[in-house]
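Reader: I am new to reading protein structures and would like some help with charged side chains. Could we go through them together?

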Amino acid sequence: MKTLRDFVFIDHRPLAATIFYFPPTEMDGDVDNIVKLILDGMIAIIYPNDRLLERVIVQKFEPRVVSIFNSLTSTLEEAAGAIRPVIYIRIDDDLSWREVS
């Protein structure tokens with residue numbers, strides 16, 4: 001891991017995260033319990049510190065609950081149709097929802 005960190009460009013821009021969890025069965029725990037583990041696990045690999053995250057969107061998609069997506073990327077479509085459990089994570093710098101004054 002140390003060698004990998006030395007050669008990877010880590011972004012310092014403000015970021016947003018989207019996490020969609022597709023559990024194999026109805027969840028016993030709370031969806032927010034998985035968020036910290038995921039975000040902390042990406043420190044020093046995707047970003048230097050999770051303080052750079054300005055927005056986090058999290059949603060679970062349990063079996064037998066119909067969810068409608070208005071548009072799907074090929075990666076999200078693959079995740080939604082895969083054998084569960086699946087966690088879809090998207091990190092991006094599109095902060096068009098905010099204004100800085």
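**Salt bridges, pair by pair**

Author: Happy to! In this predicted model, Lys-36 and Asp-40 form a salt bridge, with their closest N and O atoms 2.9 Å apart.

Reader: In which helix do Lys-36 and Asp-40 lie?

Author: Lys-36 and Asp-40 are 4 residues apart, which is about one turn of the helix. Both belong to the element covering residues 32-41, namely helix H2.

Reader: Is Lys-36 buried or exposed?

Author: Exposed means over 50% relative accessible area. Lys-36 has a relative accessible area of 56%, so Lys-36 is exposed.

Reader: And how does Asp-40 count, buried, partly exposed or exposed?

Author: Buried means under 20% and exposed over 50%, with partly exposed in between. The relative accessibility of Asp-40 is 30%, so Asp-40 counts as partly exposed.

Reader: How many residues apart are Arg-98 and Glu-54?

Author: Arg-98 forms a salt bridge with Glu-54, their closest N and O atoms being 3.2 Å apart. This pair links distant parts of the chain: Glu-54 is in strand S2 (residues 53-60), while Arg-98 is in the segment after strand S3 (86-92). Along the chain, the two are 44 residues apart.

Reader: Asp-92 and Arg-90 meet in a salt bridge too. Is Asp-92 buried or exposed?

Author: The side chains of Asp-92 and Arg-90 come to 2.9 Å, N to O. Arg-90 counts as partly exposed at 38% relative accessibility. For Asp-92 the relative accessibility is 16%, so Asp-92 counts as buried.

Reader: How many salt bridges does the structure hold?

Author: We have met several, including the one between Lys-36 and Asp-40. For the whole structure, the number of salt bridges is 5.

How values were computed:
Residues are numbered from 1 along each chain as its sequence is written. This is a predicted model: local features need pLDDT of at least 70, side-chain atom pairs count only at pLDDT 80 or more; totals for chains, interfaces and linings use all residues. Side-chain values use heavy atoms; hydrogens and water are left out. A salt bridge is a side-chain nitrogen of Lys or Arg within 4 Å of a carboxyl oxygen of Asp or Glu. Buried means under 20% relative accessible area, exposed over 50%, partly exposed in between (1.4 Å probe, protein chains only).
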